[in-house]
Amino acid sequence: MSAATAFLVIGGGPAGGAAAAAAAAGGVGVTLVEAEVVGGASQLRDCIPSKALVASANGLAGIRASGHLGSTEPGPLRPDPARLAERRHSIASLLSESLRGRLESLGVILLAGRARFLGPHTAVVAGADGAEQEVEFAHALIAAGSVPRVPAWAEPDGERVLTSRQAYRLGEAPEHAVIVGAGATGVEFAHILSSLGSRVTVLASRGRVLPQADPEASAVLEEEFSERGVVVMRGARARGLRKSEGVIEVAAEDGRTAAGSHVLLAVGLQPAIAGLGLEAAGVEVCDGAVVVDARQQTSVPHISAAGDVTGGLMLSSVGAAAGTVVGRRVAGLPVEPVDSSRAAQAVYTEPEIAWVGLQEAEAAAIGRRVKVTRAPFAANPRALMAARPRGFVKLISDPTSGVLLGGLVVGRQATELVGIVALAVQAGLRRGILADTLLAYPSLAETLAAAAR
Ligand SMILES: Cc1cc2nc3c(=O)[nH]c(=O)nc-3n(C[C@H](O)[C@H](O)[C@H](O)COP(=O)(O)OP(=O)(O)OC[C@H]3O[C@@H](n4cnc5c(N)ncnc54)[C@H](O)[C@@H]3O)c2cc1C
(Lines give C-alpha, C1' and ligand atoms only; values in the text may rest on other atoms or scores of the structure.)
Protein backbone atom coordinates (compact mmCIF):
# COMPACT_ATOMS: atom_id res chain seq x y z
CA MET A 1 0.00 0.00 0.00
CA SER A 2 1.33 3.52 -0.65
CA ALA A 3 0.25 7.03 0.35
CA ALA A 4 1.27 10.61 -0.40
CA THR A 5 1.67 13.57 1.91
CA ALA A 6 2.80 17.17 1.57
CA PHE A 7 4.88 16.95 4.76
CA LEU A 8 6.20 13.74 6.34
CA VAL A 9 7.40 14.12 9.94
CA ILE A 10 9.57 11.29 11.31
CA GLY A 11 9.41 11.29 15.11
CA GLY A 12 6.72 12.65 17.42
CA GLY A 13 8.85 14.21 20.19
CA PRO A 14 9.01 17.96 20.95
CA ALA A 15 10.67 18.70 17.57
CA GLY A 16 8.38 16.56 15.39
CA GLY A 17 5.24 17.44 17.35
CA ALA A 18 5.88 21.19 17.13
CA ALA A 19 6.69 21.00 13.41
CA ALA A 20 3.55 18.97 12.65
CA ALA A 21 1.34 21.37 14.63
CA ALA A 22 2.84 24.49 13.04
CA ALA A 23 2.59 23.14 9.49
CA ALA A 24 -0.94 21.79 9.96
CA ALA A 25 -2.07 25.09 11.51
CA GLY A 26 -0.68 26.76 8.38
CA GLY A 27 -2.88 24.56 6.16
CA VAL A 28 -0.32 21.91 5.13
CA GLY A 29 -1.30 18.20 4.92
CA VAL A 30 0.91 16.44 7.49
CA THR A 31 1.63 12.77 8.20
CA LEU A 32 3.57 12.09 11.41
CA VAL A 33 5.23 8.71 11.94
CA GLU A 34 6.10 7.70 15.50
CA ALA A 35 7.75 4.40 16.42
CA GLU A 36 6.82 4.50 20.11
CA VAL A 37 4.75 7.17 21.83
CA VAL A 38 3.48 10.54 20.55
CA GLY A 39 5.35 13.00 22.78
CA GLY A 40 8.64 11.22 22.16
CA ALA A 41 11.42 10.13 24.44
CA SER A 42 10.97 13.53 26.09
CA GLN A 43 7.63 12.40 27.54
CA LEU A 44 8.29 8.67 27.78
CA ARG A 45 11.79 8.45 29.23
CA ASP A 46 13.54 11.78 29.68
CA CYS A 47 12.12 15.11 30.82
CA ILE A 48 8.71 14.07 32.13
CA PRO A 49 9.49 10.84 34.04
CA SER A 50 12.71 12.27 35.48
CA LYS A 51 10.98 15.44 36.67
CA ALA A 52 8.01 13.44 37.98
CA LEU A 53 10.54 11.47 40.04
CA VAL A 54 12.16 14.73 41.19
CA ALA A 55 8.72 15.91 42.37
CA SER A 56 8.19 12.65 44.29
CA ALA A 57 11.70 12.82 45.77
CA ASN A 58 11.23 16.46 46.79
CA GLY A 59 7.86 15.63 48.37
CA LEU A 60 9.44 12.89 50.44
CA ALA A 61 12.41 15.05 51.43
CA GLY A 62 10.04 17.91 52.30
CA ILE A 63 8.00 15.77 54.69
CA ARG A 64 11.15 14.37 56.28
CA ALA A 65 12.38 17.93 56.83
CA SER A 66 9.06 19.21 58.15
CA GLY A 67 10.54 19.37 61.65
CA HIS A 68 12.36 22.51 60.45
CA LEU A 69 8.99 24.06 59.62
CA GLY A 70 7.56 23.62 63.09
CA SER A 71 5.92 20.17 62.96
CA THR A 72 6.72 17.20 65.12
CA GLU A 73 9.14 14.85 63.34
CA PRO A 74 7.22 12.45 61.03
CA GLY A 75 7.61 8.69 61.46
CA PRO A 76 9.68 6.60 59.03
CA LEU A 77 8.69 7.24 55.42
CA ARG A 78 9.50 4.95 52.52
CA PRO A 79 9.05 5.47 48.79
CA ASP A 80 6.55 3.06 47.18
CA PRO A 81 8.11 2.00 43.82
CA ALA A 82 4.81 0.82 42.33
CA ARG A 83 3.08 4.10 43.10
CA LEU A 84 6.06 6.12 41.87
CA ALA A 85 5.94 4.23 38.55
CA GLU A 86 2.18 4.58 38.29
CA ARG A 87 2.42 8.31 38.84
CA ARG A 88 5.13 8.73 36.18
CA HIS A 89 3.11 6.72 33.66
CA SER A 90 -0.10 8.58 34.29
CA ILE A 91 1.54 12.01 33.85
CA ALA A 92 3.34 10.90 30.65
CA SER A 93 0.13 9.32 29.25
CA LEU A 94 -1.93 12.41 30.00
CA LEU A 95 0.58 14.64 28.19
CA SER A 96 0.91 12.22 25.27
CA GLU A 97 -2.88 11.98 24.85
CA SER A 98 -3.18 15.75 25.01
CA LEU A 99 -0.59 16.16 22.20
CA ARG A 100 -2.21 13.38 20.15
CA GLY A 101 -5.62 15.10 20.51
CA ARG A 102 -4.18 18.47 19.48
CA LEU A 103 -2.45 17.03 16.40
CA GLU A 104 -5.56 15.08 15.37
CA SER A 105 -7.74 18.14 15.79
CA LEU A 106 -5.41 19.97 13.40
CA GLY A 107 -5.89 17.18 10.85
CA VAL A 108 -2.43 15.56 11.24
CA ILE A 109 -2.45 11.88 10.15
CA LEU A 110 -0.66 9.80 12.79
CA LEU A 111 1.03 6.57 11.67
CA ALA A 112 2.43 4.11 14.22
CA GLY A 113 5.66 2.59 12.94
CA ARG A 114 9.30 3.15 12.12
CA ALA A 115 10.13 5.23 9.02
CA ARG A 116 13.11 4.82 6.73
CA PHE A 117 13.97 6.79 3.58
CA LEU A 118 14.03 4.85 0.33
CA GLY A 119 14.94 7.92 -1.73
CA PRO A 120 14.73 11.74 -1.68
CA HIS A 121 10.92 11.73 -2.00
CA THR A 122 9.97 8.28 -0.66
CA ALA A 123 9.97 6.61 2.75
CA VAL A 124 8.69 3.29 4.03
CA VAL A 125 6.92 2.90 7.35
CA ALA A 126 7.23 -0.49 9.05
CA GLY A 127 4.49 -1.18 11.59
CA ALA A 128 4.95 -3.27 14.73
CA ASP A 129 3.15 -6.15 12.91
CA GLY A 130 5.78 -6.10 10.14
CA ALA A 131 3.41 -4.56 7.55
CA GLU A 132 5.10 -1.90 5.39
CA GLN A 133 3.61 1.18 3.77
CA GLU A 134 5.37 3.46 1.30
CA VAL A 135 4.83 7.20 1.65
CA GLU A 136 5.65 9.77 -1.05
CA PHE A 137 6.38 13.23 0.33
CA ALA A 138 7.04 16.74 -0.93
CA HIS A 139 8.77 17.85 2.31
CA ALA A 140 10.09 15.78 5.20
CA LEU A 141 11.41 16.42 8.69
CA ILE A 142 13.86 14.14 10.50
CA ALA A 143 13.08 14.47 14.21
CA ALA A 144 14.20 11.04 15.41
CA GLY A 145 15.78 12.28 18.65
CA SER A 146 18.74 10.69 20.38
CA VAL A 147 19.89 7.61 22.28
CA PRO A 148 21.99 7.48 25.46
CA ARG A 149 25.72 7.41 24.82
CA VAL A 150 27.31 4.19 26.08
CA PRO A 151 31.06 4.18 26.83
CA ALA A 152 33.02 1.46 24.98
CA TRP A 153 33.92 -0.25 28.28
CA ALA A 154 30.35 -0.61 29.53
CA GLU A 155 27.60 -3.03 28.55
CA PRO A 156 24.26 -1.98 30.00
CA ASP A 157 22.20 -5.03 31.04
CA GLY A 158 19.12 -3.03 32.05
CA GLU A 159 19.27 -4.52 35.56
CA ARG A 160 22.46 -3.59 37.37
CA VAL A 161 24.19 -1.51 34.71
CA LEU A 162 21.71 0.98 33.33
CA THR A 163 21.50 3.91 30.95
CA SER A 164 19.47 6.95 31.99
CA ARG A 165 16.54 5.60 29.94
CA GLN A 166 16.68 2.22 31.68
CA ALA A 167 16.88 3.70 35.17
CA TYR A 168 13.09 3.67 35.49
CA ARG A 169 13.13 -0.14 35.33
CA LEU A 170 14.57 -0.22 38.84
CA GLY A 171 11.91 -1.48 41.20
CA GLU A 172 13.35 -0.38 44.53
CA ALA A 173 15.81 2.47 44.96
CA PRO A 174 19.21 0.71 44.65
CA GLU A 175 21.19 0.12 47.81
CA HIS A 176 24.24 1.95 46.43
CA ALA A 177 24.20 3.64 43.01
CA VAL A 178 27.45 4.55 41.30
CA ILE A 179 26.61 7.26 38.79
CA VAL A 180 29.07 7.74 35.93
CA GLY A 181 28.78 11.33 34.74
CA ALA A 182 28.11 14.56 36.61
CA GLY A 183 26.24 16.55 33.97
CA ALA A 184 22.56 17.49 34.40
CA THR A 185 21.28 13.90 34.11
CA GLY A 186 23.92 12.51 36.50
CA VAL A 187 23.31 15.08 39.23
CA GLU A 188 19.52 14.90 38.87
CA PHE A 189 19.64 11.13 39.42
CA ALA A 190 22.05 11.67 42.35
CA HIS A 191 19.44 14.02 43.85
CA ILE A 192 16.53 11.62 43.15
CA LEU A 193 18.21 8.44 44.37
CA SER A 194 19.73 9.99 47.49
CA SER A 195 16.29 11.45 48.36
CA LEU A 196 14.72 8.02 47.87
CA GLY A 197 17.22 6.50 50.30
CA SER A 198 20.05 5.12 48.13
CA ARG A 199 23.70 5.62 48.90
CA VAL A 200 25.17 7.48 45.92
CA THR A 201 28.66 7.92 44.51
CA VAL A 202 29.13 10.22 41.50
CA LEU A 203 32.15 9.97 39.21
CA ALA A 204 32.81 13.42 37.77
CA SER A 205 35.35 13.26 34.94
CA ARG A 206 36.24 16.95 35.44
CA GLY A 207 37.15 18.81 38.59
CA ARG A 208 33.53 19.48 39.65
CA VAL A 209 29.94 18.47 39.10
CA LEU A 210 28.05 20.32 36.33
CA PRO A 211 31.15 21.44 34.42
CA GLN A 212 28.93 23.30 31.93
CA ALA A 213 27.53 25.54 34.68
CA ASP A 214 29.02 28.47 36.62
CA PRO A 215 31.65 27.11 39.10
CA GLU A 216 29.82 28.85 41.99
CA ALA A 217 26.67 26.87 41.13
CA SER A 218 28.64 23.62 41.12
CA ALA A 219 30.10 24.51 44.52
CA VAL A 220 26.64 25.05 46.07
CA LEU A 221 25.40 21.72 44.71
CA GLU A 222 28.52 19.90 45.94
CA GLU A 223 27.97 21.40 49.40
CA GLU A 224 24.39 20.08 49.43
CA PHE A 225 25.54 16.67 48.16
CA SER A 226 28.21 16.49 50.84
CA GLU A 227 25.62 17.25 53.56
CA ARG A 228 23.36 14.46 52.41
CA GLY A 229 26.24 11.97 52.10
CA VAL A 230 26.51 11.84 48.30
CA VAL A 231 30.17 11.12 47.50
CA VAL A 232 31.57 13.03 44.53
CA MET A 233 34.82 11.67 43.04
CA ARG A 234 36.26 14.66 41.18
CA GLY A 235 38.56 14.21 38.19
CA ALA A 236 37.55 10.52 38.01
CA ARG A 237 37.22 9.55 34.34
CA ALA A 238 35.75 6.04 34.31
CA ARG A 239 37.52 3.51 32.11
CA GLY A 240 36.27 0.07 33.13
CA LEU A 241 33.74 -1.93 35.05
CA ARG A 242 33.91 -5.28 36.87
CA LYS A 243 30.85 -7.21 38.01
CA SER A 244 30.90 -9.80 40.76
CA GLU A 245 28.30 -11.28 43.08
CA GLY A 246 26.22 -8.34 44.32
CA VAL A 247 28.93 -5.72 43.68
CA ILE A 248 29.93 -3.73 40.62
CA GLU A 249 33.20 -1.85 40.65
CA VAL A 250 33.87 1.08 38.34
CA ALA A 251 37.54 1.91 37.79
CA ALA A 252 38.77 5.40 36.98
CA GLU A 253 41.77 6.15 34.74
CA ASP A 254 43.82 7.29 37.75
CA GLY A 255 43.38 3.94 39.53
CA ARG A 256 40.62 4.97 41.95
CA THR A 257 37.57 2.71 42.14
CA ALA A 258 33.93 3.04 43.23
CA ALA A 259 31.89 -0.02 44.15
CA GLY A 260 28.11 -0.23 44.44
CA SER A 261 25.09 -2.44 43.83
CA HIS A 262 24.12 -0.65 40.58
CA VAL A 263 25.80 1.56 37.98
CA LEU A 264 23.96 4.31 36.16
CA LEU A 265 25.59 5.61 32.98
CA ALA A 266 24.85 9.30 32.50
CA VAL A 267 27.45 10.32 29.93
CA GLY A 268 25.21 12.14 27.49
CA LEU A 269 23.08 11.51 24.41
CA GLN A 270 23.94 10.92 20.77
CA PRO A 271 21.76 11.64 17.71
CA ALA A 272 19.61 8.64 16.69
CA ILE A 273 20.55 8.42 13.01
CA ALA A 274 20.84 4.62 12.63
CA GLY A 275 18.30 2.93 10.38
CA LEU A 276 16.82 6.13 8.92
CA GLY A 277 18.13 5.47 5.39
CA LEU A 278 19.79 8.89 5.28
CA GLU A 279 22.17 7.75 2.52
CA ALA A 280 19.23 6.75 0.30
CA ALA A 281 17.80 10.27 0.71
CA GLY A 282 21.22 11.90 0.22
CA VAL A 283 21.17 13.62 3.63
CA GLU A 284 24.60 14.65 4.91
CA VAL A 285 25.81 13.60 8.36
CA CYS A 286 28.81 15.00 10.24
CA ASP A 287 30.19 13.66 13.55
CA GLY A 288 27.14 11.45 13.92
CA ALA A 289 24.57 14.29 13.63
CA VAL A 290 22.37 15.43 10.74
CA VAL A 291 23.86 18.62 9.28
CA VAL A 292 21.42 21.56 9.07
CA ASP A 293 21.62 25.25 8.19
CA ALA A 294 20.12 28.12 10.22
CA ARG A 295 16.67 27.34 8.79
CA GLN A 296 16.99 23.63 9.70
CA GLN A 297 17.40 22.54 6.06
CA THR A 298 19.63 19.50 5.45
CA SER A 299 21.89 19.02 2.42
CA VAL A 300 18.64 18.03 0.61
CA PRO A 301 16.67 21.31 0.78
CA HIS A 302 13.16 19.78 0.97
CA ILE A 303 14.27 17.54 3.87
CA SER A 304 14.76 19.30 7.21
CA ALA A 305 15.95 18.09 10.60
CA ALA A 306 15.31 19.39 14.13
CA GLY A 307 15.89 18.44 17.74
CA ASP A 308 18.46 16.05 19.21
CA VAL A 309 19.12 14.38 15.86
CA THR A 310 20.99 17.54 14.80
CA GLY A 311 23.28 17.49 17.89
CA GLY A 312 24.11 20.78 19.61
CA LEU A 313 22.18 21.81 22.71
CA MET A 314 19.90 18.81 23.31
CA LEU A 315 16.86 20.26 25.06
CA SER A 316 13.15 19.79 24.46
CA SER A 317 12.62 23.54 24.29
CA VAL A 318 15.32 24.01 21.63
CA GLY A 319 13.98 21.02 19.64
CA ALA A 320 10.43 22.37 19.76
CA ALA A 321 11.59 25.82 18.63
CA ALA A 322 13.55 24.29 15.72
CA GLY A 323 10.55 22.11 14.79
CA THR A 324 8.32 25.20 14.75
CA VAL A 325 10.76 26.91 12.36
CA VAL A 326 10.43 23.94 9.97
CA GLY A 327 6.64 23.68 10.25
CA ARG A 328 6.19 27.40 9.59
CA ARG A 329 8.68 27.40 6.71
CA VAL A 330 6.93 24.46 5.04
CA ALA A 331 3.65 26.39 5.44
CA GLY A 332 5.25 29.37 3.67
CA LEU A 333 5.30 31.55 6.80
CA PRO A 334 8.22 33.81 7.80
CA VAL A 335 10.76 32.28 10.20
CA GLU A 336 13.68 33.42 12.37
CA PRO A 337 16.56 31.00 13.10
CA VAL A 338 16.61 29.54 16.61
CA ASP A 339 19.15 31.24 18.90
CA SER A 340 19.92 28.46 21.38
CA SER A 341 22.18 30.80 23.39
CA ARG A 342 18.90 32.36 24.64
CA ALA A 343 17.54 29.01 25.85
CA ALA A 344 17.08 28.74 29.60
CA GLN A 345 18.93 25.72 30.95
CA ALA A 346 17.73 24.02 34.08
CA VAL A 347 18.98 21.40 36.50
CA TYR A 348 16.27 20.00 38.77
CA THR A 349 18.29 19.28 41.89
CA GLU A 350 17.91 20.72 45.39
CA PRO A 351 18.78 23.57 45.21
CA GLU A 352 17.72 23.98 41.59
CA ILE A 353 20.19 25.55 39.18
CA ALA A 354 19.14 27.49 36.09
CA TRP A 355 20.80 29.95 33.78
CA VAL A 356 20.24 31.81 30.55
CA GLY A 357 22.31 33.88 28.14
CA LEU A 358 25.89 35.04 28.65
CA GLN A 359 27.60 33.71 31.78
CA GLU A 360 30.50 35.26 33.72
CA ALA A 361 33.11 32.65 32.68
CA GLU A 362 31.99 32.81 29.06
CA ALA A 363 32.34 36.61 29.03
CA ALA A 364 35.87 36.29 30.48
CA ALA A 365 36.75 33.63 27.88
CA ILE A 366 35.73 35.86 24.96
CA GLY A 367 37.22 38.98 26.58
CA ARG A 368 33.90 40.81 26.86
CA ARG A 369 33.69 43.40 29.65
CA VAL A 370 30.54 42.86 31.74
CA LYS A 371 29.06 44.03 35.03
CA VAL A 372 28.29 41.21 37.43
CA THR A 373 25.80 41.88 40.23
CA ARG A 374 24.47 39.39 42.75
CA ALA A 375 22.27 38.78 45.77
CA PRO A 376 21.97 35.76 48.10
CA PHE A 377 18.74 33.99 49.04
CA ALA A 378 19.97 33.93 52.66
CA ALA A 379 18.25 37.30 53.22
CA ASN A 380 15.04 36.41 51.34
CA PRO A 381 12.07 35.97 53.72
CA ARG A 382 10.32 33.42 51.51
CA ALA A 383 13.47 31.27 51.27
CA LEU A 384 13.88 31.47 55.05
CA MET A 385 10.22 30.50 55.61
CA ALA A 386 10.72 27.43 53.41
CA ALA A 387 13.96 26.63 55.30
CA ARG A 388 15.77 26.74 51.95
CA PRO A 389 18.04 29.81 52.09
CA ARG A 390 20.90 28.20 50.13
CA GLY A 391 21.77 29.83 46.81
CA PHE A 392 22.04 33.16 45.03
CA VAL A 393 21.21 35.14 41.91
CA LYS A 394 23.92 36.47 39.62
CA LEU A 395 23.13 38.86 36.78
CA ILE A 396 25.39 39.72 33.87
CA SER A 397 24.82 43.04 32.14
CA ASP A 398 26.50 45.43 29.76
CA PRO A 399 28.60 47.88 31.86
CA THR A 400 27.64 50.86 29.70
CA SER A 401 24.00 50.38 28.71
CA GLY A 402 22.95 48.21 31.66
CA VAL A 403 21.22 45.81 29.25
CA LEU A 404 20.88 42.34 30.76
CA LEU A 405 22.93 39.74 28.88
CA GLY A 406 22.44 36.72 31.08
CA GLY A 407 21.74 35.42 34.55
CA LEU A 408 22.15 32.49 36.88
CA VAL A 409 19.79 31.43 39.65
CA VAL A 410 20.75 28.84 42.26
CA GLY A 411 18.08 28.11 44.83
CA ARG A 412 14.52 27.10 45.46
CA GLN A 413 12.38 27.38 42.30
CA ALA A 414 15.36 28.59 40.26
CA THR A 415 13.92 26.82 37.21
CA GLU A 416 10.82 29.05 37.45
CA LEU A 417 12.64 32.27 38.41
CA VAL A 418 15.03 31.99 35.46
CA GLY A 419 12.01 32.59 33.20
CA ILE A 420 11.92 36.23 34.35
CA VAL A 421 15.61 36.63 33.50
CA ALA A 422 15.10 34.86 30.15
CA LEU A 423 12.29 37.28 29.27
CA ALA A 424 14.42 40.29 30.26
CA VAL A 425 17.39 39.03 28.18
CA GLN A 426 15.15 38.19 25.22
CA ALA A 427 13.52 41.64 25.37
CA GLY A 428 16.87 43.44 25.81
CA LEU A 429 15.72 45.04 29.09
CA ARG A 430 18.05 47.10 31.27
CA ARG A 431 18.97 45.83 34.73
CA GLY A 432 17.29 48.91 36.24
CA ILE A 433 13.88 47.82 34.94
CA LEU A 434 14.16 44.55 36.85
CA ALA A 435 15.42 46.44 39.91
CA ASP A 436 12.39 48.76 39.85
CA THR A 437 9.72 46.12 39.16
CA LEU A 438 7.19 46.05 42.00
CA LEU A 439 7.17 42.39 42.95
CA ALA A 440 5.03 40.56 45.48
CA TYR A 441 6.32 40.69 49.06
CA PRO A 442 7.50 38.31 50.30
CA SER A 443 8.56 36.39 47.19
CA LEU A 444 11.63 34.56 45.93
CA ALA A 445 11.63 36.84 42.88
CA GLU A 446 12.65 39.76 45.11
CA THR A 447 16.16 38.32 45.11
CA LEU A 448 16.22 38.85 41.33
CA ALA A 449 15.36 42.52 41.87
CA ALA A 450 17.94 42.76 44.67
CA ALA A 451 20.62 41.36 42.35
CA ALA A 452 19.65 43.93 39.74
CA ARG A 453 20.21 46.89 42.13
C1 LIG B 1 17.17 11.76 31.66
C2 LIG B 1 16.95 12.94 30.76
C3 LIG B 1 16.28 14.05 31.24
C4 LIG B 1 16.05 15.15 30.41
N5 LIG B 1 15.42 16.23 30.93
C6 LIG B 1 15.22 17.32 30.17
C7 LIG B 1 14.57 18.47 30.71
O8 LIG B 1 14.22 18.51 31.88
N9 LIG B 1 14.36 19.53 29.90
C10 LIG B 1 14.73 19.52 28.58
O11 LIG B 1 14.49 20.51 27.88
N12 LIG B 1 15.37 18.45 28.04
C13 LIG B 1 15.61 17.35 28.80
N14 LIG B 1 16.22 16.26 28.26
C15 LIG B 1 16.55 16.26 26.82
C16 LIG B 1 15.27 16.01 26.01
O17 LIG B 1 14.66 14.80 26.43
C18 LIG B 1 15.57 15.94 24.51
O19 LIG B 1 16.31 17.08 24.15
C20 LIG B 1 14.26 15.91 23.71
O21 LIG B 1 13.54 14.73 23.98
C22 LIG B 1 14.57 15.99 22.22
O23 LIG B 1 13.38 16.04 21.51
P24 LIG B 1 13.33 15.40 20.05
O25 LIG B 1 11.98 15.72 19.51
O26 LIG B 1 14.51 15.77 19.26
O27 LIG B 1 13.45 13.82 20.27
P28 LIG B 1 12.71 12.77 21.17
O29 LIG B 1 11.95 13.34 22.29
O30 LIG B 1 13.77 11.75 21.46
O31 LIG B 1 11.65 12.13 20.16
C32 LIG B 1 12.08 11.44 19.03
C33 LIG B 1 10.99 10.46 18.67
O34 LIG B 1 11.28 9.91 17.38
C35 LIG B 1 10.87 8.56 17.37
N36 LIG B 1 11.61 7.90 16.29
C37 LIG B 1 12.95 7.69 16.21
N38 LIG B 1 13.26 7.10 15.04
C39 LIG B 1 12.09 6.96 14.38
C40 LIG B 1 11.76 6.41 13.11
N41 LIG B 1 12.70 5.92 12.30
N42 LIG B 1 10.47 6.40 12.75
C43 LIG B 1 9.50 6.90 13.56
N44 LIG B 1 9.75 7.42 14.78
C45 LIG B 1 11.04 7.44 15.16
C46 LIG B 1 11.21 8.06 18.75
O47 LIG B 1 10.41 6.94 19.07
C48 LIG B 1 10.90 9.27 19.62
O49 LIG B 1 9.59 9.18 20.13
C50 LIG B 1 16.50 15.15 29.06
C51 LIG B 1 17.19 14.02 28.57
C52 LIG B 1 17.42 12.93 29.41
C53 LIG B 1 18.17 11.75 28.87
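Domain bounds in this account come from an automatic or database domain assignment. For the protein, that assignment gives domain 1 (2-148 + 271-340), domain 2 (161-267) and domain 3 (351-452). Domain 1 is thus written as two stretches of the chain, 2-148 and 271-340. The model is predicted. Between the C-alpha centres of domain 1 and domain 3 the distance is 31 Å.

The overall dimensions come next. Along the principal axes, the C-alpha atoms fill a box of roughly 65 × 65 × 45 Å. The radius of gyration is 23 Å. This agrees with the rule for a compact globule, because a chain of 453 residues would then have a value near 22 Å. The secondary structure comprises 13 helices and 24 strands.

The account now turns to the start of the chain. Strand E1 covers residues 2-10, and strand E6 covers residues 132-142. The two run parallel and are joined by eight bridges. Within this pairing, alanine 4 of the one strand stands opposite glutamate 136 in E6. E1 also pairs with E2, again in the parallel sense, over four bridges. Here isoleucine 10 has valine 33 of E2 as its bridge partner. Helix H1 completes the arrangement: E1, H1 and E2 make a β-α-β unit, and the unit is right-handed.

Some of these elements also take part in the surroundings of the ligand. The shell around the ligand holds 37 residues. Nearest to the ligand come Gly11, Gly13, Gly40, Gly145 and Gly307. Two or more residues of the shell are given by each of helix H1 (14-25), strand E2 (30-34), helix H2 (40-44), helix H3 (47-64), strand E4 (114-119) and helix H8 (316-330). By residue class, the shell divides into 16 nonpolar, 15 polar and six charged residues.

An open sheet of three strands has the order E12-E13-E14, with antiparallel pairing. Strand E12 (238-244) and strand E14 (257-260) are its edges, and each pairs on one side only. From one strand to the next, the twist averages 20°. E12 and strand E13 (residues 247-252) are held in register by six bridges in the antiparallel sense. Alanine 238 is partnered by alanine 252 in E13. Leucine 241 is likewise partnered by valine 250. E12 and E13 form a hairpin with two residues between the strands. In this hairpin, glycine 246 takes a positive phi near 75°. E13 continues the sheet by pairing with E14, antiparallel, over four bridges. Isoleucine 248 stands opposite glycine 260 in E14. E13 and E14 also form a hairpin, here with four residues between them. Glycine 255, in the turn, has a positive phi of about 95°.

A further open sheet has five strands, in the order E20-E21-E24-E23-E22. Its pairing is antiparallel. Strand E20 (345-347) and strand E22 (371-376) stand at the edges. Each has a single partner strand, so one side of each is left without a neighbour in the sheet. Neighbouring strands of this sheet are turned against each other by 10° on average, direction ignored. E22 pairs with strand E23 (residues 392-397) over six antiparallel bridges. Among the paired residues, threonine 373 has leucine 395 of E23 as its bridge partner.

Several backbone features fall in loops. The peptide bond from glutamate 350 to proline 351 is cis, with omega near 0°. Proline 351 is placed in the loop between E20 and strand E21 (352-357). The peptide bond from tyrosine 441 to proline 442 is also cis, and its omega is near -5°. Proline 442 lies in the loop between helix H12 (431-436) and helix H13 (446-452). Glutamine 296 has a positive phi of about 70°, although this residue is not a glycine. Its loop runs between strand E18 (289-290) and strand E19 (303-305).

Notes: Residues are numbered from 1 along each chain as its sequence is written. This is a predicted model: local features need pLDDT of at least 70, side-chain atom pairs count only at pLDDT 80 or more; totals for chains, interfaces and linings use all residues. A residue is near a molecule or strand if its C-beta atom, placed from the backbone, lies within 6 Å of it. Ala, Val, Leu, Ile, Met, Phe, Trp, Tyr, Cys and Pro count as nonpolar, Asp, Glu, Lys and Arg as charged, and the others, Gly among them, as polar. Two strands pair if DSSP finds at least two bridges between them. Axes are lines fitted to C-alpha atoms, for helices over the stretch in contact, and angles run from 0 to 180 degrees between N-to-C directions. A crossover is right-handed if, with the strands pointing away from the viewer, the path from the first strand over the helix to the second runs clockwise. The radius of gyration is taken over C-alpha atoms; the globule rule is 2.2 Å times the number of residues to the power 0.38.
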